[in-house]
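Welcome! Here is a short briefing to help you find your way around this structure. Take a look at the sequence and the model, then read on.

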Amino acid sequence: VTKIGVLTSGGDAPGMNAAIRAVVRTGIYNGMEVFGIMRGYSGMIDNDIVPMHSRSVANIIQRGGTILKTARCKEFFEYEGRKKAYGNLKKLGINGLVIIGGDGSFRGAHKLSEEFDIPCIGLPGTIDKDIAGTDFTIGFDTAVNTAVEAIDKIRDTADAHDRLFIIEVMGRDAGYIALHSGIATGAENILIPERKTDIEELVNGLLEKERRRKLVNIIVVAEGDRGAEDVADIIKERIPSADTRVCVLGHIQRGGAPTCMDRLIASRMGYSAVESLIEGRHNVMIGIVNNKMHYTPLEKAVKAKQKISDDWLKIVKILAS
Ligand code: F6P
């Protein structure tokens, strides 16, 4: 592998830039030519591909978003789209790819590698942490810390006014952002799609707290569970005395400077991606498991609701009583 392309695909995540920087600089260190492919697979199809130099990635490790831009590309799902994309890579002599994105991006990479025999390496970049074969994904730690900061601020108001707040966090179908940020902010309840929420139990718990005059309550709801407004409607109806407010954190969780942890894992993964291309460990997703690099065949790097142990929920119950 002598010429490699790097792209970011799917939703942006803080730390993607740190990963791009690691791929570019490790590639150049190893005598490779490195190309940046703009807007994910769209740029591959449209031939929007630019040479990258060591200086192209200066001063980006601390920046959120992605300098290569990103997109969710429908055309790449079709064989014709992939053929066109491969034609553009071939013209430039690109013979290896690093794809930073989520499971959808890996599915595309797997198909491309099978059909056109081009080695692909995936790096898990998503705030949702919903990918099998890695303990952490690039962007999760930043997103969860952003959520923690926001929830802490909301708690000030909840406390000042004796209010009940229902705070919705992102995560698509996964509850990790909710679980981690909820535990870290001492949320009284955390609703995640991995566990069926017993609304009756939730309401009874709140009524019991009201009897003890515990009026400040933070409920963190994962977007993949029922919506925050829905939960609020039920609570307002069943406990009209509660001063209830809703806050949907939304896209603030996707942006901002990556945390140290995200910069670090992105750098390790980016370095490891190029090493893998050199060593012939092709068509894998690079993960980190128990703090060691871990390689998962691309076709198995799928969306995964990793098991959430009962202990985690017990912790919520005991610590937030
Ligand atoms: O996958 C990242 C994510 O932010 C999810 O948590 C969320 O469900 C989704 O993307 C939002 O997507 P969009 O930015 O396209 O609205």
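Two residues are in contact if their C-beta atoms, placed from the backbone, lie within 7 Å. In the protein chain, residues 24 or more positions apart account for 77% of the contacts with a separation of 6 or more. Please keep in mind that this is a predicted model.

**The chain as a whole**

- The protein chain holds 10 helices and 11 strands.
- Its C-alpha trace spans about 70 × 35 × 35 Å along the principal axes.
- For 321 residues, a compact globule would have a radius of gyration near 20 Å, and the 22 Å of the protein chain agrees with that.
- Of the 321 residues in the protein chain, 48% are buried.

**Around the ligand**

- Which residues are around the ligand? They are Gly 11, Thr 126, Ile 127, Asp 128, Met 170, Gly 171, Arg 172, Glu 223 and Arg 254.
- Sorted by class, this shell has 4 charged, 3 polar and 2 nonpolar residues.

**Asp 128**

- Asp 128 is one of the residues around the ligand, and UniProt lists Asp 128 under "active site" in an unreviewed entry.
- You will find Asp 128 in the loop between β5 (120–124) and α5 (140–161).
- Is Asp 128 buried or exposed? Asp 128 counts as buried because it has 27 C-beta neighbours inside 10 Å, and 20 or more are needed for that label.
- Setting aside neighbours within four places in sequence, Asp 128 is in contact with Gly 171, Arg 172, Ala 174 and Tyr 176. Among these, Gly 171 and Arg 172 also belong to the residues around the ligand.

**Helix α5 and what follows**

- With 22 residues, α5 reaches 31 Å from its first C-alpha to its last, close to the 32 Å expected at 1.5 Å a residue.
- The buried residues of α5 include Phe 140, Asp 141, Thr 142, Ala 143 and Val 144, as well as Ile 151 and Ala 158.
- What do the buried residues of α5 pack against? Their partners are β6, α6 (176–184), β8 (217–222) and α9.
- α5 is followed by Asp 162, whose phi is positive, near 55°, although Asp 162 is not a glycine.
- Asp 162 sits in the loop between α5 and β6 (164–169). Asp 162 counts as partly exposed because it has 13 C-beta neighbours inside 10 Å.

**Helices α9 and α7**

- Helix α9 covers residues 260–279, and its 20 residues should span 28 Å at 1.5 Å a residue; the end C-alpha atoms are 28 Å apart, which agrees.
- Buried residues in α9 include Asp 262, Arg 263, Ile 265, Ala 266, Met 269, Val 274 and Leu 277.
- Just after α9 comes Gly 280, with a positive phi of about 80°.
- Helix α7 (residues 199–211) has 13 residues, which should span 18 Å at 1.5 Å a residue, and its end C-alpha atoms are indeed 18 Å apart.
- Arg 213, just after α7, takes a positive phi of about 60°.

**Three more loop residues to visit**

- Met 38 lies in the loop between β2 (33–37) and α2 (41–45). Met 38 is buried, with 20 other C-beta atoms within 10 Å.
- Leaving out residues within four places in sequence, the contacts of Met 38 are Gly 43, Asp 48, Val 50, Leu 68 and Lys 69.
- Met 38 and Thr 66 are 28 residues apart along the chain, and their C-alpha atoms are separated by 9.8 Å.
- Ile 60 has its place in the loop between β3 (49–52) and α3 (79–92). With 16 other C-beta atoms within 10 Å, Ile 60 is partly exposed.
- Not counting residues up to four places away in sequence, Ile 60 touches Asn 17, Arg 21 and Ile 67.
- The C-alpha atoms of Ile 60 and Ala 19 are separated by 9.9 Å, while the two residues are 41 residues apart along the chain.
- Asp 117 is in the loop between α4 (103–116) and β5, and has a positive phi of about 55° although it is not a glycine.
- Asp 117 counts as exposed because only 10 C-beta neighbours lie inside 10 Å, and 12 or fewer earn that label.

How values were computed: Residues numbered from 1 in each chain as written. Predicted model: local features only at pLDDT ≥ 70, side-chain atom pairs only at ≥ 80, totals over all residues. Helix = DSSP H or I, 4+ residues; strand = E, 2+ residues; numbered from the N terminus. Expected span 1.5 Å × (residues − 1). Near = placed C-beta within 6 Å. Nonpolar A, V, L, I, M, F, W, Y, C, P; charged D, E, K, R; others polar. UniProt positions renumbered as here; feature names shortened; annotations may be inferred. Rg over C-alpha atoms; globule rule 2.2 N^0.38 Å.
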